[in-house]
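Dear colleague,

Please find below the structure that I am handing over to you. My findings on its surface and its charged pairs follow directly after it.

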Amino acid sequence: MALGPEAFREFFGSVPTAVAVVTTVGPDGRPLGFTCNAFCAVSLDPALLLVSVDEGSRTLPAVLGSEVFALHLLSAEGGEELARTFAGRSDWKFDGVAWRRGESVPDCPVLLDGVLGHAECTLERSIPAGDHRLLLGRMEQVRMREEARPLLYRRGAFAAWDAVPAEIAARP
């Protein structure tokens, strides 16, 4: 018997996850993006990360075509608005959003506000996985904002991660 989508969502929805926005550029040069909470570290050498993308995503063909993307970890300060904006189906998600072109990967749109940090990536591999596609990205550059607090998502609600012990928060 196949597991239903409700049980799948209940199981994974019970665990708080970090929230990210993935951005890329379309063939017309327009920036595109989507909200994501299925991503992880893969390899230290070379530096690789993984992002899981719905096969129905309108941004996926642009990532596959440009072979570049940026993964933005969202912060509690302004990240929820970004998460909601990029979770929508609008063609104008970047309207009113501050961004610039990437430094190491110039075609990557890099978000400037509401972000804990970002990684500019080149697409290493794309792997079909059920109704999703796994994107392996080679991390070309990383920028972090140490003062920002991570944004978490659990069962439809956003919250800041404030449970950082002082000795961890103070590490360089």
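Which residues make the nonpolar surface patch of about 490 Å²? The patch is formed by Leu-3, Phe-8, Phe-11 and Phe-12. Please bear in mind that this is a predicted model. Of these residues, I looked further at Phe-11, which is placed in helix α1, residues 5–13. The relative accessible area of Phe-11 is 58%, and because the cut-off for exposed is over 50%, Phe-11 counts as exposed.

I then turned to the charged side chains. The structure contains 9 salt bridges, and three of them are described here, beginning with Glu-55 and Arg-133.

In the salt bridge between Glu-55 and Arg-133, the closest N and O atoms are 3.1 Å apart. Glu-55 belongs to the loop between β5 (48–54) and α2 (60–66), while Arg-133 belongs to strand β10 (residues 132–144), so this pair ties together parts that are 78 residues apart in sequence. The two partners also fall into separate classes of accessibility: Glu-55 is partly exposed at 33% relative accessibility, whereas Arg-133, at 19%, is buried. The value for Arg-133 counts as buried because that class is set at under 20% relative accessible area.

A second salt bridge joins Arg-58 to Asp-91, with 3.3 Å between the closest N and O atoms. This pair, too, links distant parts of the chain: Arg-58 sits in the loop between β5 and α2, and Asp-91 in the loop between α3 (79–87) and β7 (99–101), 33 residues apart. Here Arg-58 is partly exposed, at 43% relative accessibility, and Asp-91 is likewise partly exposed, with a relative accessible area of 43%. The loop between β5 and α2 thus holds Glu-55 as well as Arg-58.

The third pair is Arg-100 and Glu-103, whose closest N and O atoms lie 3.4 Å apart. Which residues are joined with this pair into one network? Salt bridges that share partners bring Arg-100, Glu-103 and Arg-143 together in a network. Within it, Arg-100 has a relative accessible area of 24% and is partly exposed; Glu-103, at 45%, is partly exposed as well.

In short, the points to inspect in the model are the nonpolar patch that includes Phe-11, the salt bridge of Glu-55 with Arg-133, that of Arg-58 with Asp-91, and the network of Arg-100, Glu-103 and Arg-143.

With kind regards

Technical notes
Residues are numbered from 1 along each chain as its sequence is written. This is a predicted model: local features need pLDDT of at least 70, side-chain atom pairs count only at pLDDT 80 or more; totals for chains, interfaces and linings use all residues. Side-chain values use heavy atoms; hydrogens and water are left out. Patches are made of residues with over 30% relative accessible area and no salt bridge: like charges are joined within 9 Å, nonpolar side chains (Val, Leu, Ile, Met, Phe, Trp, Tyr) within 5 Å. Accessible areas come from the Shrake-Rupley method with a 1.4 Å probe; for residues, only the protein chains shown count as cover. A salt bridge is a side-chain nitrogen of Lys or Arg within 4 Å of a carboxyl oxygen of Asp or Glu. Helices (H or I, at least four residues) and strands (E, at least two) are DSSP runs, numbered from the N terminus. Buried means under 20% relative accessible area, exposed over 50%, partly exposed in between (1.4 Å probe, protein chains only).
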